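Trainee: I'd like to learn how to read a structure feature by feature. Could you walk me through one?

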Amino acid sequence: MRALGRTTAQSSEVLWSAFFLLLGGLLLALLLAGPPPPAASDAPLRQRVVDRGLLRVVTVNSPVTYYRVHDEEAGLEYELARGFAAHLGVDLQMMVAATFGDLFATLASGEADLAAANITATAARRAHVRFGPPYMETVQFVVYKAGSARPREPADLIGRSIAVVAASSYVETLRELAESTPRLSWVERDDADIEMLFEAISDDRLDLTVADSTVLDVHQRFFPELRRGFELTQAQPIAWAFSSESDDSLLQAANAYFSQLVGDGRLAAIKQRYHAYLPRYDRVNTLYFLRHITTRLAPLVPYFRRAAEETGFDWILLAAIGYQESLWNARARSPTGVRGLMMLTLSTAKQMKVKNRLDPAQSIRGGARYFARVLKRVPKHIPEPDRTWFALAAYNVGLGHVED
C-alpha cells in the first residue's frame, strides 16, 4: 500500500507540472499577441458595414420610393441607395417594411443601417433618429376627391371622415392643427398605406387624407380624381434616417456621398429620371388611358405578348409604343398616310411583311420587327437605357431626324 501511495503522489506531481507548463505557454502567447481586437459591435458603423460587405437599407414599397418591375429593383430611393453602396464598396440589400411604423422599428433594432423611404425630417422625428442631408423638399396637402367640397381651411375638415397612415409625419401635422381646431378628429391607420387611403377616397369610402406633394403628384396617375385641398405645411426636407446612437461614421459617409452627387450632377439626373414627367400630368388624358386599358388593350395583349416573344422585347414596351402611336386604335390614320395600330408607312409594312396594316396582329408584329431594326441602327457607342430612348424617337420621326 505504501508503494502504491508513492506512485500516486509521483503521478500527481507530474500532472501538476504539465498543467503549469501549459498555462505558462498560453500566457506567453497572449503577451506576444498583444491586446485582443475590439468586438465587432465596438467598431464604427461604417467599418461594420464594410467588414460585412453589405449595406442594409429599410424602405417601403411605393412608386415614390422602391418597387420591383419584372423582378428588377427600381425607384428613386433604390437608385440613391445603390449609389451609396457602391460609394462604400459593398453590396446592397433593400429591406421592405410592412408599415411606416415598422420602418423606424427596424432601424432602431439595428437590423438596418439606414432608412430611405421619402422620409420627412420633422422636429418630432429628430428626437428619435438622425437625418442625413436633405435631397428633396415636399409640402403636405389635404387630399379630397373631385366633385366633393374642396377643403380650403381647417374648419372645412370638421365633420368629415379623415384617415392618415399611422406613424407618418401627417399625424404630427394633424396633432398640431388640432390645437387650434378643437373638434378636428381623424383615424390613424396602421393597417393601410397611402395608396389604400387614396383608393378609399376614390371609391367614396373616405372623405379626406393628408399626403406629401411628391406622393400625390405620382399617385394622381393612378387616381386622377384626387385633388389638392389647402396646404398644411411649408416646404419640408426629405432625407435618409440613421440610428440615434452616438456613432455617426455612416452618416458622415452619407454626407460625403450626397455632396458628390450634387457636385457632379448625378442627384439632379436621378431626380429628373423619376420626377421630370410630373408637371406634364394631364387628367383628361389619364382618364382616357385608364379607360382604354380595359376597352382596347385587353384583347390586344396576346398579340403584344406573341410579338415580344419573337423579338425579345418586353410586351409592355411594345404596348406603350402602340398607345403612343394610335391610342391602340387598329384603324388609325394620319394625314401623312401611316395606318394601323402601330402606325406603319406603306413601305415599312412591305419591308416587315405586313399585308394588312389594319389587322392588329399583323400591325403589332410588324411594329415590333421594325423597332428591333431601328434599335440595331442606333450607334453602338450609345449605352442603355439611352439606346432604347433614341430608338423610340427614331421609330416616330425617323433615325435621320434624330441624327440631325
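Mentor: Sure, we'll go through empty space, a helix, aromatic rings and some backbone details. Keep in mind that this is a predicted model.

Trainee: Let's start with empty space. How many cavities of 30 Å³ or more does a search of the whole structure find?

Mentor: The general idea first: rolling a probe the size of a water molecule over the atoms shows where empty space is left. Here, the search turns up one cavity of 30 Å³ or more. About 40 Å³ of space lies in that largest cavity.

Trainee: Which residues line the largest cavity?

Mentor: The lining is made up of L45, R130, F242, S243, E245, D247, D248, L250 and L251. By class, that lining splits into four nonpolar, one polar and four charged residues.

Trainee: And pockets? How much space lies in the second largest pocket?

Mentor: About 440 Å³. Its lining has 29 residues, and those nearest the centre of the pocket are V60, F100, V165, D193 and I194. In the lining of this second largest pocket, 13 residues are nonpolar, nine polar and seven charged.

Trainee: Which helix gives the most to the lining of the second largest pocket?

Mentor: That's α7, with three residues. Helices α6 (169–178), α7 and α8 (213–219) each supply at least two residues of that lining.

Trainee: Since α7 came up, what about F198? Is F198 buried or exposed?

Mentor: F198 sits in helix α7 (residues 194–202). Its relative accessible area is 0%, so F198 is buried. Look across to E225 as well: the two are 27 residues apart in sequence, with C-alpha atoms 9.8 Å apart in space.

Trainee: Now helices. How do I check a helix length, say for α13?

Mentor: The general idea is a rise of 1.5 Å a residue, and α13 (residues 315–326) has twelve residues, so the helix should span 16 Å. The C-alpha atoms at its ends are 16 Å apart, which agrees.

Trainee: Which residues of α13 are buried?

Mentor: In general, an α-helix has 3.6 residues a turn, so residues three or four places apart point the same way. In α13, the buried residues are W315, L318, A319, I321, G322, Y323, E325 and S326.

Trainee: What happens at the two ends of α13?

Mentor: At the start of α13, D314 brings a side-chain oxygen to within 2.9 Å of the backbone nitrogen of I316. Just after α13, L327 has a positive phi of about 60°.

Trainee: On to the aromatics. How many aromatic pairs are there?

Mentor: The idea is to compare ring centres first, then the angle between the planes. Counted this way, there are 13 aromatic pairs. One of them is Y135 with F258, a stacked pair at 5.5 Å centre to centre and 10° between the planes. This pair links distant parts of the chain, 123 residues apart: Y135 is in the loop between β6 (130–131) and β7 (136–138), while F258 is in helix α9 (residues 249–264).

Trainee: Why do Y135 and F258 count as buried?

Mentor: The cut-off is under 20% relative accessible area. Y135 comes to 3%, so Y135 is buried. F258 comes to 4%, so F258 is buried too. Ring pairs also link F84, Y135, W240, Y257 and F258 into a cluster.

Trainee: What about backbone oddities? Which residues other than glycine have a positive phi?

Mentor: A167 and D204 are among them. A167 has phi near 70°, and this residue is in the loop between β9 (163–165) and α6. With a relative accessible area of 41%, A167 is partly exposed. D204 has phi near 65° and lies in the loop between α7 and β11 (209–212). At 59% relative accessibility, D204 counts as exposed.

Trainee: Which peptide bond is cis, with omega near 5°?

Mentor: The one from E384 to P385. You'll find P385 in the loop between α15 (360–377) and α16 (386–397).

Trainee: One last stop: where does Y274 lie?

Mentor: Y274 is in helix α10 (residues 266–275). Its relative accessible area is 12%, so Y274 is buried. Y274 and T65 are 209 residues apart in sequence, yet 10.0 Å apart in space, C-alpha to C-alpha.

Definitions and conventions: Residues are numbered from 1 along each chain as its sequence is written. This is a predicted model: local features need pLDDT of at least 70, side-chain atom pairs count only at pLDDT 80 or more; totals for chains, interfaces and linings use all residues. Side-chain values use heavy atoms; hydrogens and water are left out. On a 1 Å grid over the protein atoms alone, a cavity is a set of points where a 1.4 Å probe fits but cannot get out, and a pocket is an open set with protein on both sides within 12 Å along at least five of seven lines; lining residues have an atom within 4 Å of a point. Grid points are joined across faces, edges and corners, and a volume is the space filled by probe spheres set on the points. Ala, Val, Leu, Ile, Met, Phe, Trp, Tyr, Cys and Pro count as nonpolar, Asp, Glu, Lys and Arg as charged, and the others, Gly among them, as polar. Helices (H or I, at least four residues) and strands (E, at least two) are DSSP runs, numbered from the N terminus. The expected span of a helix is 1.5 Å times one less than its number of residues. Buried means under 20% relative accessible area, exposed over 50%, partly exposed in between (1.4 Å probe, protein chains only). A polar contact is a pair of N or O atoms within 3.5 Å; within protein, one must be able to donate a hydrogen and the other to accept it, and residues adjacent in sequence count only if both atoms are side-chain atoms. Rings of Phe, Tyr and Trp (its six-membered ring) pair if their centres lie within 6.5 Å; planes under 30 degrees apart count as stacked, over 60 as edge-to-face and the rest as tilted.
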